[in-house]
There are 4 protein chains.
Amino acid sequence: MPETFFSVEIQPRFNETDGLGHINNTVLPVWFEAAREPIFEIFNPSLDLSQWNLIVAGFTIAYTLPTNYGMPVLVKTWISRVGNASFEVAQQSWQEGKQTAEAKTTLVYYDYALDKSQAITDVIKQQLIRFTGE
Amino acid sequence: MPETFFSVEIQPRFNETDGLGHINNTVLPVWFEAAREPIFEIFNPSLDLSQWNLIVAGFTIAYTLPTNYGMPVLVKTWISRVGNASFEVAQQSWQEGKQTAEAKTTLVYYDYALDKSQAITDVIKQQLIRFTGE
Amino acid sequence: MPETFFSVEIQPRFNETDGLGHINNTVLPVWFEAAREPIFEIFNPSLDLSQWNLIVAGFTIAYTLPTNYGMPVLVKTWISRVGNASFEVAQQSWQEGKQTAEAKTTLVYYDYALDKSQAITDVIKQQLIRFTGE
Amino acid sequence: MPETFFSVEIQPRFNETDGLGHINNTVLPVWFEAAREPIFEIFNPSLDLSQWNLIVAGFTIAYTLPTNYGMPVLVKTWISRVGNASFEVAQQSWQEGKQTAEAKTTLVYYDYALDKSQAITDVIKQQLIRFTGE
């Protein structure tokens, strides 16, 4: 993890538990998407949905410990790769000092009007690189 | 309940359970919205989101029995009131022959471009009335 | 609204928007359940799911304005009625200084082992009454 | 894909769309978990939550096309690997004859009482292998 990363605290919700008494595995991708908001703002400062310019190409997630209800979760987010039109976001969830999950998500800088990817501008690249630890 | 109503079978999903071992109460409004799709089609036959013309004004829901994972749920839907610009949808969830919840939702025929309600046309009213049991 | 109420700030999540560009109506009951956590703690200080003692009997929700992505929401929660075995929670969502929705939820103090409601103790009643404005 | 696979049709729900007008990326893992129910039944025929014996170790998902509201989705599920205590499930979502996403999920045969993985029995292995195409 680089020294510079985004960090957001999430309070698990009662409806996010499942019948096994833990936070359901499908909830973590929702938290991770929510925690990428500072990255969305780099690409679209107003967060105006009509000007959205990112698309998720895919992600890989690993669950290392159950995440529980009743205690806050810290989601740490940084940039693990910057390519020409795409970049990768690394994220970890932590609870009571232990990592419970980690994911890497590939996002593409996307022109929805033209329906195709576009080269990430140098200005944006500079902002992303601040969170890569390079 | 009128003799003519919509009916849709829903298979509860594992992630819809909560830590108490039942389907979480917030899931029923999601199922009920999904089960209103035939009504959405009366107003917007293509279901094209860019031509959407309904808005939810509110709803009341009562839970009569826990809904469980592992068994199908039948959602019954009909029209309980037709007004000038709004109408009310009545819905019940049934599992193993017993009602588990019921709700009444008020929907407004809405012009999103003008940002105001509009009078329900006679053609649409005729279609809604078929499901009121009148 | 009484002078004493719970207040929690919620950051709308990207996945909580729907195709109309607003927060989907089914999300508000999820936020309102999450915002009832201080009330859950009155009944179950550890929030241990195996000792849960509340059940939702039903709720009524009214949507007064669309709730948008990109701006925080304030959820205000207080107690609007305390009965023998049940009580009612009133909640409002506010965004940019305007109310977007309000709900009243009836909760029952419940013994899951015996599968029946139980009288709310005086100790708990005292704590609830602090949030009724009486 | 092997000749023998599970197939389930899912009707996208209105609340599963997001502000970009498509099904939100976090919904696909929910559908894929729901579509694994026949596999859950191999391990736990009654689907009784108190006897659950599987845990998700992680998954990888790739989005190949947007998934839309208003048209059914077919989820195809098969077994891509069977190990000693774990196995991998491959899944694809299809809409209008085109693949929109695919995922591989690793599940572990788990003893929740002992809090550790256990060897998959030969009887279960035989049932899993029927869906590997071997």
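When I speak of laying one chain on another, I mean that the copies are superposed by least squares on the C-alpha atoms of residues with pLDDT of at least 70 in both. Please keep in mind throughout that what we are looking at is a predicted model.

With that in hand, let me start with chains D and A. Chain D can be laid on chain A with an RMSD of 0.0 Å, and what this takes is a turn of 180° together with a shift of 0.0 Å along the axis. That is the relation of a two-fold axis. If you want to find the axis from the side of chain D, look for Thr60(D), whose C-alpha is the nearest to it in that chain, at 2.1 Å.

What do the two chains put into this contact? Chain D gives 20 residues and chain A gives 20 residues, and 100% of the interface residues of chain D are also interface residues in chain A, so the copies meet through the same surface. Between them, chain D and chain A bury about 1700 Å², and carbon and sulfur atoms account for 61% of that area. On the side of chain D, the three residues that supply more than any other three are Leu20(D), Thr26(D) and Phe59(D), which together make up 29% of the area this chain buries against chain A.

As for polar interactions, the rule finds zero salt bridges across the interface of chain D and chain A, while the count of residue pairs in polar contact, both at pLDDT 80 or more, is seven. Two elements of chain D, α1 (27-35) and β2, give two or more residues to the side that touches chain A, and the largest share, nine residues, comes from β2(D). Sorted by class, that side of chain D has 13 nonpolar, six polar and one charged residues.

The strand β2(D) deserves a further word, for it is joined by five bridges to strand β2 (residues 54-63) of chain A, and the two run antiparallel. Within that pairing, Thr60(A) has Thr60(D) as its bridge partner, and Thr60(D), as I mentioned, is also the residue of chain D whose C-alpha lies nearest the axis.

Let me now follow β2(D) into its own chain. There, β2(D) (residues 54-63) pairs with strand β5 (residues 98-111) in the antiparallel sense over nine bridges, and Phe59(D) has Thr105(D) as its partner in β5(D). Strand β4 (residues 86-95) of chain D is joined to β5(D) by 10 bridges, again antiparallel, with Gln92(D) standing opposite Glu102(D). The hairpin of β4(D) and β5(D) has two residues between the strands, and Glu96(D) takes a positive phi near 55° there. Further along, two bridges join β5(D) to strand β6 (residues 116-117), one of the pairs being Asp111(D) with Lys116(D). This hairpin has four residues between its strands, and Asp115(D) in the turn has a positive phi of about 60°.

Finally, I turn to the contact of chain B with chain A, which takes nine residues from each of the two chains. About 660 Å² is buried here, 60% of it given by carbon and sulfur atoms, and Phe14(B), Asn15(B) and Gly19(B) supply 51% of the area that chain B buries against chain A, more than any other three residues. Across this interface the rule finds zero salt bridges and four residue pairs in polar contact, both at pLDDT 80 or more. The residues on the side of chain B that touches chain A divide into two nonpolar, six polar and one charged.

Notes:
Residues are numbered from 1 along each chain as its sequence is written. Chains are lettered from A and ligands numbered from 1 in the order in which they are written. This is a predicted model: local features need pLDDT of at least 70, side-chain atom pairs count only at pLDDT 80 or more; totals for chains, interfaces and linings use all residues. Side-chain values use heavy atoms; hydrogens and water are left out. Contact means heavy atoms within 4.5 Å. Buried area is the accessible area (1.4 Å probe) that two parts lose on being put together, summed over both. A salt bridge is a side-chain nitrogen of Lys or Arg within 4 Å of a carboxyl oxygen of Asp or Glu. A polar contact is a pair of N or O atoms within 3.5 Å; within protein, one must be able to donate a hydrogen and the other to accept it, and residues adjacent in sequence count only if both atoms are side-chain atoms. Ala, Val, Leu, Ile, Met, Phe, Trp, Tyr, Cys and Pro count as nonpolar, Asp, Glu, Lys and Arg as charged, and the others, Gly among them, as polar. Two strands pair if DSSP finds at least two bridges between them.
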